[in-house]
Amino acid sequence: MSLLNDDGIPLGLGMALAQNMDAMRTFSSMSESARQDVIDRSRHVQSKQEMENLVNGLSGESGYSEKLS
């Protein structure tokens with residue numbers, strides 16, 4: 001997906017999205033402001049587990065995607 005080629009997406013977020021296709025589809029279908037919110041949140045992540053939690057939330061595993069709707 002071309003979203004991961006965008007220089008505005010942090011490497012860790014891009015890698016985590018690449019490992020979770022449901023989350024990537026959700027991310028790609030979000031509005032620009034919702035995507036920017038996820039990008040901003042990812043910049044404050046302190047560990048791989050936190051990044052996985054953020055991305056897994058996009059695929060509905062923690063309800064994060066429902067909060068963005």
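**Close-up views of a five-helix chain**

**View 1. D22 and the salt bridge within α2**.
D22 counts as partly exposed, because its relative accessibility is 44% (buried means under 20% relative accessible area, exposed over 50%, and partly exposed in between, with a 1.4 Å probe and protein chains only). The model is predicted: local features need pLDDT of at least 70 and side-chain atom pairs count only at pLDDT 80 or more, while totals for chains, interfaces and linings use all residues. Residues are numbered from 1 along each chain as its sequence is written, and side-chain values use heavy atoms, with hydrogens and water left out. The side chain of D22 forms a salt bridge with that of R25, at 2.7 Å from N to O (a salt bridge is a side-chain nitrogen of Lys or Arg within 4 Å of a carboxyl oxygen of Asp or Glu). Both residues belong to helix α2 and are three residues apart, about one turn of the helix. R25, at 45% relative accessibility, is also partly exposed.

**View 2. The N-terminal cap of α2**.
N20 sits in the loop that runs between α1 (11-18) and α2 (21-29). Helices are DSSP runs of H or I with at least four residues, strands are runs of E with at least two, and both are numbered from the N terminus. A side-chain oxygen of N20 lies 3.3 Å from the backbone nitrogen of D22, and N20 thereby caps the N-terminal end of α2. A polar contact is a pair of N or O atoms within 3.5 Å; within protein, one must be able to donate a hydrogen and the other to accept it, and residues adjacent in sequence count only if both atoms are side-chain atoms. N20 has 11% relative accessibility and therefore counts as buried.

**View 3. The buried face of α2**.
A23, M24 and F27 are buried in α2. Viewed down the helix axis, the buried residues of α2 fall within an arc of 100 degrees, so they line one face of the helix; the arc is that of the directions from the helix axis to the C-beta atoms. The cover over these residues includes α1, α3 (32-42) and α4 (48-58), where contact means heavy atoms within 4.5 Å.

**View 4. R35 and E32 in α3**.
The closest N and O atoms of the salt bridge between R35 and E32 are 2.7 Å apart. The two residues lie in helix α3, three residues apart, about one turn of the helix. R35 is buried, with a relative accessible area of 16%, whereas E32 is exposed, with 52%.

**View 5. R43 and D40**.
A salt bridge joins R43 to D40, with the closest N and O atoms 3.8 Å apart. R43 is partly exposed at 48% relative accessibility, and D40 is partly exposed with a relative accessible area of 33%. A search of the whole structure finds four salt bridges.

**View 6. The whole chain, for orientation.**
The chain has five helices and zero strands, in the order α-α-α-α-α along the sequence. Of its 69 residues, 33% count as buried. Among contacts between residues at least 6 apart in sequence, 52% join residues at least 24 apart. The accessible surface comes to about 4,400 Å², and 46% of that belongs to carbon and sulfur atoms; areas come from the Shrake-Rupley method with a 1.4 Å probe, and for residues only the protein chains shown count as cover.
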